[in-house]
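Biologist: Got a minute to walk me through this one? I'd like to start with the helices and then jump around a bit.

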Amino acid sequence: LMAQDDITLVNLENVFSDDAAVQSSRYRFRGPVSYASILSAASIEVVNLANNHTEDFGQEGYQSTLNALDSSGILISGSTSNGNPVAIWESEGIRIGFAGVIPLYYKDHPEEVSKCFEKLKEAGCQVIVASLHAGKEYNPTHGSMQDTYGKILRRLGANIIIGHHPHVPQGIH
């Protein structure tokens with residue numbers, strides 16, 4: 001299915017590392033570095049790292065994940081305390097930018113997140129897609145946090161906002 005589309009974006013809630021030390025986290029999601037190639041084999045072109053598991057294995061796990069994704073040809077976006085990467089994808093003259101946001105990071109670092117959107121605009125992106133990792137898990141409807149951050153992301157320049165975190169479909173808002 002995904003091989004037939006133009007581009008696939010996923011929220012990557014794990015670390016790719018063979019030996020990074022675990023940090024303090026109730027749930028720890030890690031796969032071997034070699035597993036990053038599964039994403040490109042599945043025709044996934046872009047991942048968001050702005051979520052609550054990217055830092056489960058600290059800076060070492062984060063850097064290992066970046067290296068594994070880069071080696072697999074996967075574009076990376078997502079603002080975390082470890083970095084603020086943005087991704088740009090272009091096809092047939094259309095340039096699409098990707099930024100990722102998690103409210104816990106944004107509330108303490110709004111300037112860094114804002115710079116991500118500015119970078120995408122300066123790069124000439126005609127469309128900016130924001131990945132928003134927010135919402136109450138297993139709640140079937142949107143909450144006030146999603147609404148608040150949706151407004152913030154639109155103000156920053158997002159044309160499309162894709163939400164994830166609740167683990168259930170919540171529909172289009």
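Biologist: How many residues does helix 2 have, and how far does it reach from its first C-alpha to its last?
Modeller: Helix 2 covers residues 58-71, so 14 residues by the DSSP run. Keep in mind that this is a predicted model. From first C-alpha to last, helix 2 reaches 20 Å, close to the 20 Å expected at 1.5 Å a residue.

Biologist: Which residues of helix 2 are buried?
Modeller: G58, G61, Y62, S64, T65, L66, A68 and L69.

Biologist: And what do those buried residues pack against?
Modeller: They pack against strand 2 (15-16), helix 1, strand 4 and strand 5 (75-77). Just after helix 2 comes G73, with a positive phi of about 75 degrees.

Biologist: Which non-glycine residues take a positive phi?
Modeller: S43 is one of them, with phi at about 65 degrees. E92 is another, with phi near 50 degrees.

Biologist: Where do S43 and E92 lie?
Modeller: Both are in loops. S43 lies between helix 1 (36-41) and strand 4 (46-48), while E92 is found between strand 6 (87-91) and strand 7 (94-101).

Biologist: Buried or exposed, for S43 and for E92?
Modeller: S43 is at 14% relative accessibility, so it counts as buried, the cut-off being under 20%. E92 is exposed, with a relative accessible area of 80%.

Biologist: Back to helix 1 for a sec. What is 7.8 Å from S37, C-alpha to C-alpha?
Modeller: That's L69, which is 32 residues away from S37 in sequence. L69 is also among the buried residues of helix 2. S37 itself is found in helix 1 and counts as partly exposed, at 37% relative accessibility.

Biologist: Which backbone oxygen lies 2.9 Å from a polar atom of the S37 side chain?
Modeller: The one of S34.

Biologist: New topic, the four-stranded sheet. What's the strand order?
Modeller: The order is 6-7-8-9, in an open sheet with mixed pairing. Strand 6 and strand 9 (160-164) stand at the edges with a single partner strand each, so one side of each has no neighbour in the sheet. On average, neighbouring strands are turned by 20 degrees against each other, direction ignored.

Biologist: How many bridges join strand 6 to strand 7?
Modeller: Five, and the two strands run antiparallel. S91 stands opposite I94 in strand 7.

Biologist: Which helix packs on the sheet and touches strand 6?
Modeller: Helix 4 (residues 110-122), which also touches strand 7 and strand 8 (127-133). The direction of helix 4 makes about 175 degrees with that of strand 7.

Biologist: And where does helix 5 lie?
Modeller: Helix 5 lies across strand 7, strand 8 and strand 9, and runs at about 155 degrees to strand 8.

Biologist: Last one, aromatics. How many aromatic pairs does a search of the whole structure find?
Modeller: One. Y106 and Y149 form an edge-to-face pair, 5.6 Å centre to centre with 90 degrees between the planes.

Biologist: Which parts does that pair tie together?
Modeller: Y106 lies in helix 3 (residues 103-106) and Y149 in helix 5 (residues 144-156), so the pair links parts that are 43 residues apart in sequence.

Biologist: Are those two tyrosines buried or exposed?
Modeller: Y106 counts as buried at 14% relative accessibility, and Y149 is buried too, with a relative accessible area of 11%.

Notes. Residues numbered from 1 in each chain as written. Predicted model: local features only at pLDDT ≥ 70, side-chain atom pairs only at ≥ 80, totals over all residues. Heavy atoms only, no water. Phe/Tyr/Trp six-rings, centres within 6.5 Å; stacked < 30°, edge-to-face > 60°. Buried < 20%, exposed > 50% of the residue type's maximum accessible area, 1.4 Å probe, protein only. Polar contact = N/O pair within 3.5 Å; in protein donor to acceptor, adjacent residues only side chain to side chain. Expected span 1.5 Å × (residues − 1). Contact = heavy atoms within 4.5 Å. Pairing = 2+ DSSP bridges. Axes fitted to C-alpha atoms, helices over the stretch in contact; angles between N-to-C directions.
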